[in-house]
Amino acid sequence: MAAAVGRAGSFGSSSSGLGSAAGFSSPSSAATATTNNNAELRAGGDEDDGQNLWSCILSEVSTRSRSKLPSGKNVLLLGEDGAGKTSLIGKIQGIEEYKKGRGMEYLYLNVHDEDRDDQTRCNVWILDGDLYHKGLLKFAMEASSLKDTLIMLVVDMSRPWTALDSLQKWASVVREHIDKLKIPPEEMKEMEQKLVRDFQEYIEPGEDFPASPQRRNTSLQEDKDDSVILPLGADTLTCNLGIPVVVVCTKCDAISVLEKEHDYRDEHFDFIQSHIRRFCLQYGAALIYTSVKENKNIDLVYKYIVQKLYGFPFNVPAVVVEKDAVFIPAGWDNDKKIGILHENFQTLKAEDSFEDIITKPPVRKFVHEKEIVAEDDQVFLMKQQSQLAKQPPTAAGRPVDASPRVPGGSPRTPNRSVTSNVASVTPIPTGSKKIDPNMKAGATSEGVLANFFNSLLSKKTGSPGGPGGVGGSPGGGGTGGAGSNLPPSAKKSGQKPVLTDVQAELDRISRKPEMVSPTTPTSPTEGEAS
């Protein structure tokens, strides 16, 4: 419009100039000037229409630029080392392989508005779990961008005994940094009031409210101003940071592991959830249970981020039934709803201390076997050679047997008597040993066998060839011709005829087995007596 006015002004001065010139000219000149003025007037009207069209286009473009997705929004993640901060953002981005950095990591999320076909990037800052790096917060949280920042506190649910201490520690780090920014009190108070208003104006999506509008307009704001706003609870937003906070519990798939290995029950998980929800009430924070391993509630985290920072529609209701997929948006919870969890307590009490109930399990000492590296073959053989050189030499290359041996050379068996061992190996001359009638049956049988084999050995050296060599009475009872019946070897050696009945019988059986009847054996003494 300003350009059109300028053109109209220039056109008016031009016509006045022409009018003054017409006062000094002839009537024909005046007629010519009038015709020219009409032509210029028509051309000026066409230019105005073209300029108005361009003005409308420029105005529409400027309006669209103002309604585009804003840039410079930030998400700051804080938590312990190993809590899964980088893994969470990598999963939201759709990156399977992600590398963890040191100090302060920078990532980004692509935010796309399908309705307006617009997209932007949301800055993501991940602080290291070591408090040594908390000074790097000055790069992620500045005074000018604090109102465009969302805080995400990450808790590792595989170690629930660290949950409450971790939340309190990192929340105090954020509070300390915000106090150092020295934001004007008026601006800080406005941010805090906005957070309280958003908490109070939360509406549960349902059948009556299928979806919240994508952008807040004037009529909606007026309706909310006219609606009744309930006052905050006694423990609600007592620690107001002025910026939205989201508590994300990662690794919720470890809940089943806690049940099996550490004997956690449902009341323990309700106890943990009640304490975390109380913390969320103090900071006006939302609570989301996630699992990167099972891809649980990952999209929900992204939708809640873009709803808080960009005002996107969000119609997901609260979920408190599933113990590993809890979702509680900011503004939904209160002390009465938390009290419902206490009804399930059997052995626990709501006023019990978190540190006394959820304790760290005892550390099991795992023996880590050291990796054995095989040494070089030559080194191993040299060691063996040196050990062999220190040992005493063995006889004929055979190992020395430490077991006791008898004179015959055989090892002594513990369950056999020495007499039997010696008798079985050493040849005993015939008639040199008598059998004791008082011997036991086992010893007698062994003695019979020993004498039998001794008699066989004595035959090899000088046994008589005739069958009638045995005929004397036992013990030398016969008087006539007793010595003539003895074997020649016994006569030459000068030994006395002391063969017993058993020895004579064995000798007779060995010499002529075919003459002996198995049913009625005849003793030589009986034959002589007859």
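## Exercises on strand pairing and nonpolar cores

In this predicted model, strands β2 (residues 104-113) and β3 pair in the antiparallel sense, over 10 bridges.

**Exercise 1.** Describe the surroundings of strand β3 (residues 118-127).

Solution.
1. Begin with the hairpin of β2 and β3: four residues lie between the two strands. Within this hairpin, D117 has a positive phi near 55 degrees.
2. Locate a bridge between these strands: D113 has D118 in β3 as its bridge partner.
3. Turn to strand β1 (residues 74-79), which pairs with β3 in the parallel sense over four bridges. Here L76 is bridged to W125 of β3.
4. Check the accessibility of β3, taking buried as under 20% relative accessible area. Eight of the 10 residues of β3 are buried, and the strand is mostly covered.

**Exercise 2.** Determine which residues of the largest nonpolar core touch the most other members, and which helix gives the most to this core.

Solution.
1. The core holds 53 residues. Those touching the most other members are L78, I151, L153, V247, I276 and L287.
2. Helix α5 (residues 163-180) is the leading contributor, with eight residues.

**Exercise 3.** List the contacts of L153, leaving out residues up to four places away in sequence.

Solution.
1. Use heavy atoms within 4.5 Å as the contact criterion.
2. L153 then touches L78, L167, W170, A171 and F279, and also V245, V246, V247 and V248.
3. Another core lies apart from the largest one. This other core has 37 residues, including L69, L77, I126 and L195.

Key: Residues numbered from 1 in each chain as written. Predicted model: local features only at pLDDT ≥ 70, side-chain atom pairs only at ≥ 80, totals over all residues. Heavy atoms only, no water. Core = buried A, V, L, I, M, F, W, Y, C linked by side-chain atoms within 4.5 Å. Buried < 20%, exposed > 50% of the residue type's maximum accessible area, 1.4 Å probe, protein only. Pairing = 2+ DSSP bridges.
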